[in-house]
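Welcome! Here is a short guided look at a protein model, meant for anyone meeting it now. Have the sequence and the structure at hand as you read.

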Amino acid sequence: MSSPSGARRRPQATKGSPDASHSARSNSSPDELEDQTSRIISPLDILRVIITLIGVSCALSYYITSGASLYWNYDPWFTQPAKIAQWWQGPLQLTPEQLSVFDGSDPKKPIYLAINGKIFDVSAGRHTYGPGGSYEVFAGRDATRAFVTGCFLEDRTGDMRGAEEIYVPIDDPDEDITSAQRKMRAERDRRKAREKVQAEVQKWESFYASSKKYFLVGELVGVPEYTGPPPKLCEPAQKGRPKRKNMNQNDASDTPGKPVL
Ligand code: HEM
């Protein structure tokens with residue numbers, strides 16, 4: 001039957017046209033419709049999955065590292081605001097007096113220590129260097145000597161004069177050796193001992209410089225020259241000195257016990 005005159009027929013949708021899909025959709029049952037939409041993964045879904053994975057990873061890292069890190073101990077500089085601020089303001093130059101302000105007594109200030117004339121920010125170890133911490137003696141000052149001797153109370157100074165004594169073997173008075181030989185050996189021992197002190201200081205400096213927690217902030221300036229009699233080697237260090245009697249004749253490398261970190 002022909003259509004009534006004047007009545008307009010809707011044009012047939014052609015394949016590929018928007019109307020085609022529309023008519024296809026309108027012909028689908030509700031189940032098919034749901035099936036079709038569930039198969040489409042939008043960028044938002046991908047973003048949700050990524051964010052969830054990052055969240056789970058952070059939570060796991062936090063749990064496994066006992067709250068120390070959200071990124072599996074990977075703490076790049078851009079996740080450390082203190083490092084960024086330091087980089088922004090450039091290297092500091094502090095006198096011993098200015099440095100003493102950063103001893104951890106003010107919780108709002110960073111904790112600095114100096115070793116070998118370099119100043120490091122050790123705020124990340126506040127429990128170690130802050131008040132009551134096992135190494136608070138190093139905070140706010142240059143205690144390079146104590147790093148070598150281990151005498152944390154007596155040697156809170158950067159005065160290294162005579163510190164090499166710690167590595168100089170105590171002579172055996174009964175040893176069959178001429179005084180000239182003894183003198184020569186003493187000179188050699190002292191020279192070697194000085195090198196060892198330098199190496200020890202260097203080791204600690206590198207410890208801070210290469211640490212992931214701590215970082216270099218500048219240098220110590222205006223340190224007055226150490227005059228007067230050099231400090232005496234502290235008692236524990238004196239007791240720890242190597243004894244010639246216990247040493248191989250050619251081995252002057254015996255050193256007192258050092259900490260294993
Ligand atoms: C010359 C002697 C020593 C020096 C200069 C020294 C220095 C240090 C320093 C600077 C730290 C802090 C490291 C950090 O910031 O992570 C440290 C940590 C530590 N040291 Fe020593 N140390 C000495 C001897 C010893 C000895 C003999 C022992 C053991 C009886 C020891 C046990 C420890 C322990 C357990 C820690 C970890 C403490 C903490 O994180 O709170 N140290 N040491």
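Among contacts between residues at least 6 apart in sequence, 62% join residues at least 24 apart. Please keep in mind that this is a predicted model. The protein has 261 residues, and buried ones make up 18% of them.

What is the chain built from? It contains nine helices and four strands. Starting at the N terminus, the order of elements is α-α-α-α-β-α-β-β-α-α-α-β-α.

**The sheet**

The four strands form an open sheet in the order E1-E4-E3-E2, and their pairing is mixed. At the edges are E1 and E2, each of which pairs on one side only. From one strand to the next, the twist averages 35°. E3 and E4 run antiparallel and are joined by four bridges. Across this pair, aspartate 121 stands opposite phenylalanine 215 of E4.

Here are the strands with their residue ranges, to help you find them:

| Strand | Residues |
|---|---|
| E1 | 92-94 |
| E2 | 112-115 |
| E3 | 118-121 |
| E4 | 215-220 |

**The helix across the sheet**

Now look for helix H8, which covers residues 179-209. Its 31 residues reach 44 Å from the first C-alpha to the last, close to the 45 Å expected at 1.5 Å a residue. H8 lies across E2, E3 and E4, and its direction makes an angle of about 145° with E2.

Which residues of H8 are buried? They are Ala193, Val197 and Tyr208. Ala193 and Val197 are four places apart in the numbering. An α-helix has 3.6 residues a turn, so residues three or four places apart point the same way. The buried residues of H8 pack against E2, E3 and helix H7, the last of these spanning residues 144-149.

**The core**

In soluble globular proteins, nonpolar side chains tend to be buried together. In this model, the largest nonpolar core has 32 residues, and those touching the most other members are Tyr112, Leu113, Ile119 and Phe120. E2, E3, H7, H8 and E4 are the elements that give two or more residues to this core. E2 provides the largest share, with four residues.

Phenylalanine 120 makes a good place to pause. Leaving aside residues up to four places away in sequence, phenylalanine 120 touches Tyr112, Leu113, Tyr208, Tyr214, Phe215, Leu216 and Val217. One of these partners, Tyr208, is a buried residue of H8, while Phe215 is the residue of E4 that stands opposite aspartate 121.

Definitions and conventions:
Residues numbered from 1 in each chain as written. Predicted model: local features only at pLDDT ≥ 70, side-chain atom pairs only at ≥ 80, totals over all residues. Expected span 1.5 Å × (residues − 1). Buried ≥ 20, exposed ≤ 12 C-beta atoms within 10 Å, placed from the backbone. Contact = placed C-beta atoms within 7 Å. Pairing = 2+ DSSP bridges. Axes fitted to C-alpha atoms, helices over the stretch in contact; angles between N-to-C directions. Core = buried A, V, L, I, M, F, W, Y, C linked by C-beta atoms within 7 Å.
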